[in-house]
Amino acid sequence: MEYDIEGMVKDVYQKPEMVKIKLDEYLDKAIQVPSPKLNYQRILGLVNKIDRGDPDYATALEYLNLASVDLIAKLERTNELIEIENGTLTGIVQDLEQRLQIDLPTGLKNKEKFKDDKETKSSLAIRGDYPLAAITLDLDYFSNVNNTYGHLVGDIALKQLADILRETSRKTDEIYRTGGEEFYILAPSDDEKGAFYFAEKIREAIQDELAKRIYETLKQKQNEEKITMNNVKPEEVTWENYIINYEKNKENMKITASMGIAVFRRGDFINTVIETADKELYKAKKSGRNRVMTKGFEPDLHVIKLHNKG
């Protein structure tokens, strides 16, 4: 906003009432913090003198010019504060939006984000003319984990699974938790064969690592608890009880995953591809679980063994 105080004063004889109104507006728009150097009441008094044709016109004009500089500085500072506040609010909104797209127990993207991304990623695949593999994953008999060891252990299992998925995926792959023990991966540039061996790598890591990682996490929490709860009776130490229960049933503690794959290409509908991946997952479950099924690809079992060893 520009402040033409001199022009305002020169017009005083023609429209003195407008001068007062404008000056009042400027003063109101300042942040209403009184200046230690300027007395705005005096400004208004000088405007009145000008209205009466007072010879102190030059003094009034000089003082009003000084007032204009002070007002401009205050308003600029006010604008800065507003920009800072707006920037802060924008940051908060963006942070909340991001949080709404995150699954809190695992830190992975959630179902709502998956709904948005499948459309975006498929559009990018069409534009770039590359395939997009849709991989769906479901833990086998996961309800047994919750029933046998408790939901806290179940939460640990999900978090550790998320870590395994991150470690075995590429930076371009997107991972989502869409339900209790249901996950999706969108893998750009992977055809059926590439997606299958990628999924096999994940399946094997879950089979070999997940139960171990759960136990290691329980031991870690037990040690942390001992440090912070020295005065607690043994029977009241939560993680100790979980460890005992886990070790008692560890022979039955085997967590595996079944996975289904379908590949999106130009001319396909992404929702149809997702449904196909779900059907392949269902086939994997019906075929004995702990396996990967891919639409349009039949792997060589000998090659799978060699690939997994490598």
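In which sense do strand E2 and E3 pair, and over how many bridges? In this predicted model, strand E2 (residues 174-177) pairs with E3 in the antiparallel sense, over 4 bridges.

## Strand pairing around E3

The link between E2 and E3 is a hairpin, which joins the two strands through 4 residues. Within this pairing, Ile175 stands opposite Ile185 in E3. Ile185 also has a counterpart in E1, since Ile135 stands opposite Ile185.

E1 and E3 run antiparallel and are joined by 7 bridges. Another bridge partnership with E3 is that of Ala133, whose partner is Ala187. Of the 7 residues of E3, 6 are buried, so the strand is largely enclosed by the rest of the structure.

## Strand E1

E1 also pairs with E4: the two strands run antiparallel and 8 bridges join them. On this side, Ala134 has Ala262 in E4 as its bridge partner.

E1 is mostly covered, with 8 of its 8 residues buried. Leu132, Ala134, Thr136 and Asp138 point one way from the strand, whereas Ala133, Ile135, Leu137 and Leu139 point the other way. The residues of both sets are all buried.

## The nonpolar cores

The largest nonpolar core holds 44 residues, and the members that touch the most others are Leu137, Leu139, Ile206, Ile214 and Leu218. At least two residues of this core come from each of strand E1 (132-139), helix H6 (142-149), helix H7 (151-168), strand E3 (182-188), H8, helix H9 (238-249) and strand E4 (257-264). Helix H8 gives the most to this core, with 12 residues.

Leu137 illustrates how many parts of the chain meet here. Leaving out residues up to four places away in sequence, Leu137 touches Leu161, Leu165, Glu181, Glu182, Phe183, Ile202, Ile206, Ala257, Ser258 and Met259. Apart from the largest core lies another, of 13 residues, including Phe114, Ala125, Leu132 and Phe264.

## Aromatic pairs and a charge over a ring

A pair of aromatic rings is described by the distance of the centres and the angle of the planes. The count for this model comes to 5 aromatic pairs. In one of them, the rings of Phe196 and Tyr197 have centres 5.3 Å apart and planes at 85°, an angle over 60 degrees, so the pair is edge-to-face. Phe196 is buried, with a relative accessible area of 1%, and Tyr197 also counts as buried, at 10% relative accessibility.

Tyr197 also forms an edge-to-face pair with Phe297, at 6.3 Å centre to centre and 75° between the planes. Why does this pair tie together parts that are 100 residues apart in sequence? Tyr197 lies in helix H8 (residues 192-228), whereas Phe297 lies in the loop between strand E5 (292-294) and helix H11 (301-309), so the ring pair ties those two parts together. Both Tyr197 and Phe297 are buried. Elsewhere, ring pairs link Phe114, Tyr176 and Tyr184 into a cluster. An aromatic ring also meets a charge: the charged end of Arg289 sits over the ring of Tyr141, 4.3 Å from its centre.

## Ser122 in helix H5

Ser122 belongs to helix H5 (residues 111-128). Is Ser122 buried or exposed? With a relative accessible area of 5%, below the 20% cut-off, Ser122 is buried. A polar atom of the Ser122 side chain lies 2.9 Å from the backbone oxygen of Glu119.

Neighbours within four places in sequence aside, the residues in contact with Ser122 are Asp117, Leu132, Phe264 and Ile270. Two of these, Leu132 and Phe264, are among the residues of the 13-residue core.

## Lys221 in helix H8

Lys221 has its place in helix H8. The relative accessible area of Lys221 is 28%, which lies between the limits of 20% and 50%, so the residue is partly exposed. Setting aside neighbours within four places in sequence, Lys221 is in contact with Ile156 and Trp239.

The C-alpha atoms of Lys221 and Glu240 are separated by 8.9 Å, and these residues are 19 residues apart along the chain.

Key:
Residues are numbered from 1 along each chain as its sequence is written. This is a predicted model: local features need pLDDT of at least 70, side-chain atom pairs count only at pLDDT 80 or more; totals for chains, interfaces and linings use all residues. Side-chain values use heavy atoms; hydrogens and water are left out. Buried means under 20% relative accessible area, exposed over 50%, partly exposed in between (1.4 Å probe, protein chains only). A polar contact is a pair of N or O atoms within 3.5 Å; within protein, one must be able to donate a hydrogen and the other to accept it, and residues adjacent in sequence count only if both atoms are side-chain atoms. Contact means heavy atoms within 4.5 Å. Rings of Phe, Tyr and Trp (its six-membered ring) pair if their centres lie within 6.5 Å; planes under 30 degrees apart count as stacked, over 60 as edge-to-face and the rest as tilted. A charge sits over a ring if NZ of Lys or CZ of Arg is within 6 Å of the ring centre and within 35 degrees of the ring normal. A nonpolar core is a set of buried Ala, Val, Leu, Ile, Met, Phe, Trp, Tyr and Cys residues joined through side-chain atoms within 4.5 Å. Two strands pair if DSSP finds at least two bridges between them.
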